[in-house]
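Biologist: I should like to go through this model with you, one question at a time. Please give the reasoning before each result.

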Amino acid sequence: MPNLAAIDWMIVLIYFFFAISVAISLRQFIAGAGDFLLAGRALPAWLCGLAFAAASLGSLELLGMGAAGARYGFASASFFGLGSVVPLLFAGWFMMPVYYSSNARSAPGYLGLRFDGKTRALNAVLFLAVSILYAALSFYEMARIFAALGVFNVIFHAQTIGSQGVFILSVALPAAIVLVVVLLGGLGATMYAQVMQFFILVAGFLPMVLLGLKQVGGWSGLKSSFAYAAGHAPAPGLGTLAIATGVGIVLTAGFWCTDFSLLQTALAAENAAAARRAPLIAAGVRVLLPFLLIVPGIVAIGLPTPHTSMVVRTDNGAIYHEIDVVPHPAELGQGVVPARTSSAADPMGGNILSDAHGHPLLDYAMATPNLLPYNLPTGLIGLAITALLACLTGGVAARIAAVNTIFTCDLYETHLRKGSGEKDDLGMARWTCVAAVILSAGLACAALRVPNMPGLLELLALAFAVFYAPMLATFLLGMFWKRATGHGAFAGLIAGFAAALAHYGLTLPANAVRGIAGGWIVVLHHPPNALRQNVGTALCAILANLAVTGIVSLFTSSRPEPELAGLVYSLIPVDPAKPSGARRPAIFAAIVLLAAIAVSLIFL
Amino acid sequence: MNLDLRLPLGLMLSITGIILLSFGLATRARPELFSRSFGINADQWWGWVVFLVGLIVVGIGRRGQGRIELRKQGQTAAGRAKKR
């Protein structure tokens, strides 16, 4: 990796100058907790839609999509494309009107109105846990990548502070930016920064995709280079597409329909119609993302693997030995995807990790980042690094803003200090923000000491299966089944979470080591890979929650219908002035769905 | 929110575009800098694209900002009328 030139740093600084000055200029509009936490509910649909899409494009998704492209090839486009578009359209069309008309400030807040306080608190605690872990994992993975690319080596004096020092500073610097943006401007500034992040991501990554495609010889060259890299040429048919889509829906529906760091962007919309359009716009954006984010991973795995080579040439009678030394992990990898090593702070040092058969494990998260220095010239590389940094800070800022709201509204206000005022809430939200950033950055640094950290894809799928899948059923039943009761929802949520933990504790993917990968109770079953295990976990959680909520609800008394007005889909007040107002979004949703299917077919 | 996001967004894009473009133009005589992008002066081309997109976004943003200002004036006028 060549060091970044002055022009590269200029581009990085310009982005952050604008992001922070927008936050400063929004500061004057923040008078109370409502402005800070909900951006005053005054934003237009296009902005909310782009912020919604960008909130789902944190660094983990960005790296994860590249990693999935390198690991699973073209089929991953169906997982991330169609597999997320279907739940998003569902969330926008059916769930968003309920969220908005309930006037809840947050997703747990909705559960509090629909069910009761205990369900709300449990959901809030689960969300806070997964959010802090998500932020920590974002910091951790990106610091690893910044260390591997040597981005900060110039400014941090890598020689004097060592690789661990560089790692810790690579966590601390983005954490400080997140803190500044969220503290200054609250949700409004966060969403403005997210829209800017989205544009910078497209500007930074599109040249890499175009140059990468040129390098491997266009679309057909991409297909043949991946088939070669995969060893055999499995012709992915319609069946693969259906499976990848189904797996995507089962694993990620909970994330798309209940995750508050996404939903908050739609709830900040100026009216109910705009709130409904936001997820639809986000779905439309996601249709095209496979081209931007999955293709780089497929290019990276299909490139020639570098090897240490020596060229002998003579010039005017003198003999030159030109030795090109390639680090061991890069040589054992495939394409520009290196092998995984035991050291996170210094990816080119440490021991090579291998599976139970002795094959080296690949560090798929490095697929996209390693392509940057491969084909981007000075200047454009600065733009791409800006995109990486912007996605890290934007994604984490969305999380932290959501943590602020949920901690302040759903735990502090209702349980810890009842009847607190707006000013009091604003102060609490600011302190929550500081605590959450410090906690997640600290966890990221602590993760350096964890041996055998599983790969990024495994960790992401695990979070989806264990945390989000149980929540999905609770929200679905709350919105669409009038008979569901508070006791039922609470018992179901506990049962779903317990079932997920139990399934994950009793199974271990073949070739994996017991621990974070699963099997921490006792290993009863070996699924062939981690993805199968996670789908099983998610299904267990959803079914357990559905069954327990259903049974307990039938044995407890439900609330009378008038109390549920605006909280259940069938009881939303309809705007009599505009009965046909829903036709245009319906056409838009249909076009998005067809486009998503078309993109999946292109990737077959 | 009394600031149309498209103003700062477009400004940021066009400044970034100008930087890329001028770097690309200044290094036209040095193809060795662009060996990684197969001799294509990618900075120059992409600089043009980012710059023009930025200008368009600024243009849309100025219209949007005008609308926000109008609404604000209307609100303050209505407020004054109420006070009377």
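Biologist: What percentage of the 84 residues of chain B count as buried?

Modeller: This is a predicted model, and chain B is built with two helices and zero strands. A residue counts as buried if 20 or more other C-beta atoms lie within 10 Å of its own. Of the 84 residues of chain B, the share that meets this criterion is 32%.

Biologist: Which helix supplies the largest share of the side of chain B that touches chain A?

Modeller: The contact between the chains takes 32 residues from chain A and 22 residues from chain B. On the side of chain B, α1 (6-26) and α2 (42-83) each supply at least two residues. By class, that side divides into 17 nonpolar, three polar and two charged residues. Its largest share, nine residues, comes from α1(B).

Biologist: Is Ile14(A) buried, partly exposed or exposed?

Modeller: Ile14(A) belongs to helix α1 (residues 6-26) of chain A. A buried residue needs 20 or more other C-beta atoms within 10 Å, and an exposed one has 12 or fewer. Ile14(A) has 19 C-beta neighbours inside 10 Å and therefore counts as partly exposed.

Biologist: Leaving aside neighbours within four places in sequence, with which residues is Ile14(A) in contact?

Modeller: Contact is judged by C-beta atoms within 7 Å. Once the neighbours within four places in sequence are left aside, the contacts of Ile14(A) are Met12(B), Ile15(B) and Thr16(B).

Biologist: How many residues of helix α3 (residues 45-55) of chain A are buried?

Modeller: The buried residues of α3(A) include Leu47(A), Cys48(A), Leu50(A) and Phe52(A). Gly49(A) and Ala51(A) are also among them. This helix is mostly covered, and of its eleven residues the number buried is ten.

Biologist: How is α4(A) oriented to α17(A)?

Modeller: The axes of helix α4 (residues 59-72) and helix α17 (residues 380-416) of chain A come within 7 Å and cross at roughly 130 degrees. An angle over 145 degrees would count as roughly antiparallel, and 65 to 115 as roughly perpendicular. The crossing of roughly 130 degrees therefore makes the orientation of α4(A) to α17(A) oblique.

Biologist: Which residues of α17(A) make the contact with α4(A), and how many residues of the contact are charged?

Modeller: From α4(A), the contact is made by Ser59(A), Leu60(A) and Leu62(A). Opposite these, α17(A) contributes Leu388(A), Cys391(A), Leu392(A) and Gly395(A). The contact has five nonpolar and two polar residues, and the number of charged residues is none.

Biologist: How are α14(A) and α16(A) oriented to each other?

Modeller: Helix α14 (residues 272-302) and helix α16 (residues 367-375) of chain A have axes that come within 8 Å and cross at roughly 75 degrees. The range from 65 to 115 degrees is the one that applies. The two helices, α14(A) and α16(A), are therefore roughly perpendicular.

Biologist: Which residues of α16(A) make the contact with α14(A)?

Modeller: The residues of this contact divide into six nonpolar, three polar and no charged. From α14(A) come Pro296(A), Gly297(A), Val299(A), Ala300(A) and Ile301(A). From α16(A) come Ala367(A), Thr368(A), Asn370(A) and Leu371(A).

Biologist: Which elements give two or more residues to the side of domain 1 of chain A that touches domain 2 of chain A?

Modeller: The domain assignment of chain A gives domain 1 (6-304 + 374-450 + 594-602) and domain 2 (309-363). Their contact takes 14 residues from domain 1 and eight residues from domain 2. The side of domain 1 divides into ten nonpolar, three polar and one charged. The elements that give two or more residues to that side are α8 (117-149), α10 (158-216) and α14 of chain A.

Biologist: In which helix of chain A is confidence lowest?

Modeller: Chain A averages a pLDDT of 82, and 90% of its residues score at least 70. Where pLDDT is low, the predicted coordinates should not be read in detail. Confidence in chain A is highest in helix α20 (residues 486-506), at 90, and lowest, at a mean of 60, in helix α2 (residues 33-38).

Biologist: What ipTM does the predictor give the complex?

Modeller: For chain B, the mean pLDDT is 79, and 86% of the residues reach 70 or more. For the complex, the predictor gives a pTM of 0.87 and an ipTM of 0.88.

Note on methods. Residues numbered from 1 in each chain as written. Chains lettered and ligands numbered in written order. Predicted model: local features only at pLDDT ≥ 70, side-chain atom pairs only at ≥ 80, totals over all residues. Contact = placed C-beta atoms within 7 Å. Helix = DSSP H or I, 4+ residues; strand = E, 2+ residues; numbered from the N terminus. Nonpolar A, V, L, I, M, F, W, Y, C, P; charged D, E, K, R; others polar. pLDDT = per-residue confidence, 0-100. Axes fitted to C-alpha atoms, helices over the stretch in contact; angles between N-to-C directions. Parallel < 35°, antiparallel > 145°, perpendicular 65-115°, else oblique. Domains from an automatic or database assignment.
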